[in-house]
Amino acid sequence: MSGGTPGIAVIGCGYWGVNYLRVMSELPATVRWAVDATAERRAFVAGRYPRIRVTADYREALADPAVDAVVIATPATAHFPLVRDSLAAGKHCLVEKPLTTDGESSRRLAELADEAGRTLLVGHTFLFNAGILRMKEVMRAPSFGRVYYLHATRTNLGPIREDVNALWDLAPHDVAILDYLLDATPEQVSAVGGSFLGHDDHEDVAFATLRYAGGVIGNIHVSWADPNKVREVVAVGSERRVVFDDLNNLERLRIFEKGVAYAQTDVDSFGEFRLLVRDGDIISPRVEASEPLKNQCAHFLGALATGARPRSDGWAAVDVVRVIEAIQTSMRRDGAPVALAPVGAGA
């Protein structure tokens with residue numbers, strides 16, 4: 001590594017690409033190359049970051065021995081050859097989510113990273129969000145009780161993408177969040193979707209149900225067609241309910257110390273069981289203000305320095321892609337359940 005800091009190349013300088021350029025420039029790393037196919041974006045980067053070399057050919061950046069790692073922020077359909085070639089060139093990779101748009105190619109990239117001994121981190125940024133990290137702490141505490149179900153909502157008016165549908169664009173965030181909070185992957189999924197914005201085979205709305213071991217249910221709603229912007233994850237347990245609201249800067253996390261459970265009773269006229277409702281406080285714990293993208297990039301650089309496997313590694317991303325692929329299959333089968341077999345590194 002040059003000067004003790006890794007050399008970085010950013011491939012794809014659109015909305016997310018320029019954010020990576022900014023964040024990496026603020027961290028202990030040296031951004032050496034910016035790659036984009038369009039002259040307009042290259043000119044924009046050259047004007048803002050005159051010390052960074054720009055090119056339209058990513059192979060030029062990969063050939064530079066001073067480049068230790070590559071950030072890939074292109075459309076998902078272009079990820080496979082870019083990640084494959086970067087790993088073949090001996091570079092570590094941080095790639096935007098989803099890793100690819102099919103399980104087989106995602107699995108191959110995870111295998112290639114392991115074979116090459118290179119770090120592969122996929123940009124599921126919510127796994128580096130301080131609110132989600134705090135939410136997991138709350139759910140793991142005995143006071144949360146048994147997990148009943150989780151519900152995630154991600155809606156807004158667009159932005160509408162041409163390369164993937166709303167499911168592939170939005171739901172990877174929530175699948176990754178649910179898997180992370182539960183430390184598990186679903187055993188079965190079912191889903192329905194709809195195309196309301198003029199693309200008959202390009203769903204802009206989806207409702208998915210994920211079934212985890214132990215009877216835990218996850219529900220995901222994503223939409224490009226809803227004018228109410230929502231970024232919320234709710235977890236309901238036997239003793240607590242916790243809500244993560246990414247749009248609420250004052251109360252990003254709220255804990256409801258309320259619950260309901262069955263309690264035995266001897267009153268025959270009321271039945272064998274009755275509902276026991278427990279009321280309690282609503283707590284808004286302090287959540288550290290930080291930028292998830294910067295946290296993610298710092299985590300990536302830390303993995304390069306220590307060799308540790310990153311939180312959102314290639315195999316975690318494979319599971320997310322497999323789940324989204326299964327949800328897509330269920331949607332095309334009008335909601336028919338689709339089972340998923342366990343998979344992971346070495347499976």
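# Helix, sheet and core: a short dialogue

Student: What should the 12 residues of helix α1 span at 1.5 Å a residue, and how far apart are its end C-alpha atoms?
Tutor: Helices here are DSSP runs of H or I, at least four residues, and strands are runs of E, at least two, numbered from the N terminus. The expected span is 1.5 Å times one less than the number of residues. For α1, residues 15-26, that gives 16 Å, which agrees with end C-alpha atoms that are 17 Å apart.

Student: What kind of model is this, and what do the values rest on?
Tutor: Residues are numbered from 1 along each chain as its sequence is written, and side-chain values use heavy atoms, with hydrogens and water left out. Local features need pLDDT of at least 70, side-chain atom pairs count only at pLDDT 80 or more, and totals for chains, interfaces and linings use all residues, since the model is predicted.

Student: In what order do the six strands of the open sheet lie?
Tutor: Strands pair if DSSP finds at least two bridges between them. The edge strands, pairing on one side only, are β3 (53-55) and β6 (120-123). The pairing is parallel, and the order is β3-β2-β1-β4-β5-β6.

Student: Which residue in β2 stands opposite Ile-11?
Tutor: Strand β1 (residues 7-11) runs parallel to β2 (residues 30-35). Five bridges join them. Opposite Ile-11 stands Val-35.

Student: Through which helix does the chain cross from β5 to β6?
Tutor: β5 and β6 pair in the parallel sense over four bridges. The β-α-β crossover is right-handed (with the strands pointing away from the viewer, the path from the first strand over the helix to the second runs clockwise). The helix, residues 103-116, is α5.

Student: Is Lys-136 buried or exposed?
Tutor: Lys-136 is found in helix α6 (residues 130-140). Leaving aside neighbours within four places in sequence, Lys-136 is in contact (heavy atoms within 4.5 Å) with Tyr-180, Leu-181 and Asp-183. Buried means under 20% relative accessible area, exposed over 50%, partly exposed in between (1.4 Å probe, protein chains only). At a relative accessible area of 7%, Lys-136 is buried.

Student: Which residues touch the most other members of the largest nonpolar core?
Tutor: A nonpolar core is a set of buried Ala, Val, Leu, Ile, Met, Phe, Trp, Tyr and Cys residues joined through side-chain atoms within 4.5 Å. Helix α7 (residues 166-182) gives the largest share of this core, 11 residues. Of its 94 residues, those touching the most other members are Met-135 and Ile-327.
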